[in-house]
Amino acid sequence: MHKNHQIPASVMLRNHQVIFNGKVIFETAENLELPAFLKACYQDLEIDYAKFYKMDLLSKLGFIASEYLAKDRQLNPETALILQNSTGSLETDLNYQAGISDENAFASPSVFVYTLPNIVLGELSIRHQLQTENAFFISEKFDASFLIVYLQNLFSTNKANAAICGWLDLDKEGYNVFLSLITQDEKGKALTAENLKENYEQFKTRA
Amino acid sequence: MRQKPAVHIIDDEIIAPLGWGTSANLEQIKKKKTAIRKHVLSGENSFYAALFEDDFIQQQFSRLAFSEAETFTKLEKLLLLTVHQLLERNSSIDLEETVLIISTTKGNVELLDNSDNSIPEKSKLYSLGKTIQKYFKLKNELITLSNACISGGLGLSVGKRLLEENAYKNALVLGGDVVSKFTRSGFQLLQAMDDKICKPYDKNRKGINLGEAAAGVLLSTEKQNSTIQIVGEATANDANHISGPSRTGEGLAKAISSALKEAHLEASAIDCISAHGTATLYNDAMEAQAFGRLNLQQKPLTSYKAYYGHTFGASALIESILSIKSLQQNLLFPSLGCEEIGVEPILNIQQNLEEKKLKYALKTASGFGGCNFAMIFKNLKYA
């Protein structure tokens, strides 16, 4: 039998709102640009983490979402980080591309480093000191059933005891973030593809 | 707990500037021939890299009679050719029971370099797999992963994990990246490139060379004629720095320990190592620390970066295939570029081609984002 993993916490960032376990817990004016919204979230979280300011927008989105998940709880030291999106690191790729296309522009090595989607996994690992399983998948749509199978393998082979997983997408059109904490240390919703997907689809219809 | 099915290596393919097909690649490695050359951009501006000759891919592509009107990118052609080779040799494989897994770091990123600042659909990383699905009429879900320099190896892990859960019978794992202005300028800015052929583990190592390639591995839970099984694998993050490897090698050591644990092996059982060996100062030093932690420093170790350059999404897959070939042929392949060892503890760099009975091979890789990967292959001839 597999261990009884559940989803005690999930967080969505959308429409200038932070939605935690289905409830709006923080919001800003809708005319804020994404960087300003993220900074407001950072202040709401009352944390002090200078590295935040150096991150690209994708990493900031992942950081803020996972801070809400980790708030008021100790993450299991064997928490795997498994994320998906459809655009990879596109937003930062475009920034870097602009720097090398125009001879008068400045291409920065620190921007180049963020032109890999899995850098956000490094940022989260450093923040929570997780020397754990990581993977970043690119998928046209959120693939909950794949995630379930993948997690089942990680848990049943003892490669992870818990996970932060979900969708972390950003492009010119906007952002779409939905992350879940999966653990057997706390009670929550059952770990099923339906429960992971339900929130994703809820987002899609309201968008 | 129910037993998970064993995952076997059925076939493999490497398409690289070093050679067309895995065997051609091995012939060059046995002769210690590199594909890295000086490439002049303009005037004084040049760099060392392993690149395909301009019309080589097109020649192969037209020879294999892909006749669609659609224009394919260089990377798409490489991946289509890789799949074509594998499916031609394995025509009995049930594609309904096969999942497609693609590893790439930057895909067709060069398409972002356009005058109207548009974002072509083919610049999305998952588009590579959609092209392949369409061409070969593959109906199952597509898994694309982009996890820096461990991507190609992680693709094998993902394949193994899905097969272990009985989600599919077979996995077709592909890896590929090409050299573009995007990556070249980035590594120039990071000052991470050697201005000659790279020198993994050498005391005068200065950095990487870029490379481009594609590779593919067919995995199956049905043994068929396979003599190689994946017996353990894992990843672990350094949790230390996003672009610099950890000084202590803890993350890589953890990945290796976890892979050994899954394989029910002690480190002493490992017969040979295909390491990452990028020839950057810090990567190679970190690896030596990690191998030292597990008392693996005496094991014959090869870096293939001075043959191929760093092929990113393909590299850990190509180097896994070379581990598999080592086991199948009972040959230790020579590492290239290390004249005077420059890491602590001293590693046992394999300098020449050597025949040896080999049962277990370890493949490792590490990359930006602090990721580390380890996989252990077993030679079933000595089961």
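**Exercise 1. Charges over rings**

Arg127(A) lies over the face of a ring: find which residue carries that ring, then look for a comparable lysine in chain B.

*Solution.* Start in chain A of this predicted model. The ring under Arg127(A) belongs to Tyr49(A), and the distance to the ring centre is 4.6 Å. Now move to chain B, where the charged end of Lys77(B) sits over the ring of Phe61(B), 5.7 Å from its centre. Both count because the cut-off for the charged atom is within 6 Å of the ring centre, along with an angle within 35 degrees of the ring normal.

**Exercise 2. Two edge-to-face pairs**

Work out how the rings of Tyr42(A) and Tyr53(A) are arranged, and do the same for Phe137(A) and Tyr150(A).

*Solution.*

Step 1. Over all chains, the structure holds 23 aromatic pairs. One of them joins Tyr42(A) and Tyr53(A), with 5.3 Å centre to centre and 70° between the planes. Planes over 60 degrees apart count as edge-to-face, so that is the label to use.

Step 2. Place the two residues. Tyr42(A) is in helix 1 (residues 34–45) of chain A, while Tyr53(A) is in the loop between helix 1 and helix 2 (57–70), 11 residues apart.

Step 3. Check accessibility. Tyr42(A) counts as buried because its relative accessibility is 5%, under the 20% cut-off. Tyr53(A) has a relative accessible area of 46%, so the label here is partly exposed.

Step 4. Turn to Phe137(A) and Tyr150(A). Their ring centres are 5.4 Å apart and the planes meet at 80°, so this pair is edge-to-face. Phe137(A) lies in strand 5 (residues 134–138) and Tyr150(A) in helix 6 (residues 144–156) of chain A, so the pair ties together parts 13 residues apart in sequence. Both Phe137(A) and Tyr150(A) are buried.

**Exercise 3. Where the two chains meet**

Describe the contact between chain A and chain B: how many residues take part, and how much area is buried?

*Solution.*

Step 1. Count residues: 51 of chain A are in contact with 56 of chain B.

Step 2. Add the area. About 4500 Å² is buried between the two chains, and carbon and sulfur atoms give 58% of that. On the side of chain A, Phe112(A), Gln131(A) and Ile138(A) lose the most area to chain B, together 15% of what that side buries.

Step 3. Look for aromatic residues. Phe112(A) belongs to a cluster with Tyr96(A), Phe182(B), Phe187(B), Phe312(B) and Phe368(B).

Step 4. Tally the polar side. There are six salt bridges between chain A and chain B. A salt bridge to look at is Lys254(B) with Glu78(A), at 2.9 Å from N to O. The two chains also have 29 residue pairs in polar contact. The elements giving two or more residues to the side of chain A that touches chain B are helix 3 (90–101), helix 4 (109–113), helix 5 (119–128), strand 5 and helix 6.

**Exercise 4. Two residues and their neighbours**

Is Ser125(A) buried or exposed, and which residues does Ser125(A) touch? Then find the contacts of Leu380(B).

*Solution.*

Step 1. Ser125(A) is in helix 5 of chain A. With a relative accessible area of 0%, Ser125(A) is buried.

Step 2. Leave out residues up to four places away in sequence: Ser125(A) touches Leu81(A), Leu130(A) and Asn134(A), as well as Asn237(B) and Ala239(B).

Step 3. Leu380(B) is found in the segment after strand 16 (371–379) of chain B. Beyond its neighbours within four places in sequence, Leu380(B) is in contact with His8(B), Lys223(B), Ser226(B), Thr227(B), Ile228(B) and Gln229(B).

Notes. Residues are numbered from 1 along each chain as its sequence is written. Chains are lettered from A and ligands numbered from 1 in the order in which they are written. This is a predicted model: local features need pLDDT of at least 70, side-chain atom pairs count only at pLDDT 80 or more; totals for chains, interfaces and linings use all residues. Side-chain values use heavy atoms; hydrogens and water are left out. Rings of Phe, Tyr and Trp (its six-membered ring) pair if their centres lie within 6.5 Å; planes under 30 degrees apart count as stacked, over 60 as edge-to-face and the rest as tilted. Helices (H or I, at least four residues) and strands (E, at least two) are DSSP runs, numbered from the N terminus. Buried means under 20% relative accessible area, exposed over 50%, partly exposed in between (1.4 Å probe, protein chains only). Contact means heavy atoms within 4.5 Å. Buried area is the accessible area (1.4 Å probe) that two parts lose on being put together, summed over both. A salt bridge is a side-chain nitrogen of Lys or Arg within 4 Å of a carboxyl oxygen of Asp or Glu. A polar contact is a pair of N or O atoms within 3.5 Å; within protein, one must be able to donate a hydrogen and the other to accept it, and residues adjacent in sequence count only if both atoms are side-chain atoms.
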